[in-house]
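Here are a few friendly notes to read alongside the model. Have the strands and one helix in view as you go.

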Amino acid sequence: LAQGTADASLKGAHFSNDSSRFQAFYTDAQMQEVFGEQYAEVHKKIAAAVDAVSAELLLYDAQPIVAAFHAMSSGKTESAAHVWGEHLPYLVAVDSSTDCDAPLFEQTAAFSAQEVQTMLSQEREDLWLGNAPENWLVIAETSDSGTVLRLNAGNAFFTGQEIRRIFSLRSAAFTVDYADGKFTFTTKGYGHNVGMSQYGANAMANAGSTYRDILAHYYPQAVLGMETQP
């Protein structure tokens, strides 16, 4: 389900697979391509899990929530207000420190000074960076979860979400360093960092937590209710 069905960018649609703003999904054909010979087994397992809870809804104020999730947090999930500009009481920062032990938790991406200048200039036509590359990119503000909220670049500024998109970074929780003519971004986690972390949820399950425990942790103030027929 899209992060907000009232979003004007959806042009009346209720679903979107634009993963930069909404939760993406696989079609059945895509699942068959990804899982190959294991497709039937995986599909059966997923279908059984869905059927077991299909009558339950995760609610806030008696309405279904936006059940956002991502692959791996920065060690702490992020508030929807910092990512999508809308505060939702059940999409707030919570601990997910087990993600720090997940594979590929910390990754780097390097770009030459010329690449950085070109890619940023495509976003801001009036961008002026100056003659000292070591001063081009300065992180001015981050959230408690490590998300970059503001990065100063010459006479312009960008949000961490914008920088993530421009450079195809794994997350907006990053640091950036300049040396030997190259900028190196070091990211933590993978995804938009809002809601449930899949790696974190798996760690909780392996430690004995139930799905109810996991949902209560990652979606505080949301409650499970039963679907009622009209």
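1. Two strands count as paired if DSSP finds at least two bridges between them. Helices (H or I, at least four residues) and strands (E, at least two) are DSSP runs, numbered from the N terminus. This is a predicted model, in which local features need pLDDT of at least 70, side-chain atom pairs count only at pLDDT 80 or more, and totals for chains, interfaces and linings use all residues. Residues are numbered from 1 along each chain as its sequence is written, and side-chain values use heavy atoms, with hydrogens and water left out.

2. Strand E6 (residues 148-153) is joined to E7 (residues 156-158) by three bridges, in antiparallel fashion. Five bridges link E6 to strand E5 (residues 137-142), also antiparallel.

3. Do look at Leu-151 in E6: it stands opposite Ile-139, and its bridge partner in E7 is Phe-158.

4. Both hairpins hold a glycine with positive phi. Between E5 and E6 there are five residues, and Gly-146 in the turn has a phi of about 95°. Between E6 and E7 there are two residues, and Gly-154 has a phi near 60°.

5. Which residues of helix H6 (residues 198-206) are buried (under 20% relative accessible area, 1.4 Å probe, protein chains only)? They are Gly-200, Ala-201 and Met-204. These residues lie on the same side of H6 because they cover an arc of only 100° around the axis, taken from the directions from the helix axis to the C-beta atoms. Their cover includes strand E10 (196-197) and helix H7 (211-218).

6. At the N-terminal end, Ser-197 caps H6, with a side-chain oxygen 3.5 Å from the backbone nitrogen of Tyr-199. Gly-208 follows H6 and has a positive phi, near 105°.

Terms used. Buried < 20%, exposed > 50% of the residue type's maximum accessible area, 1.4 Å probe, protein only. Contact = heavy atoms within 4.5 Å. Polar contact = N/O pair within 3.5 Å; in protein donor to acceptor, adjacent residues only side chain to side chain.
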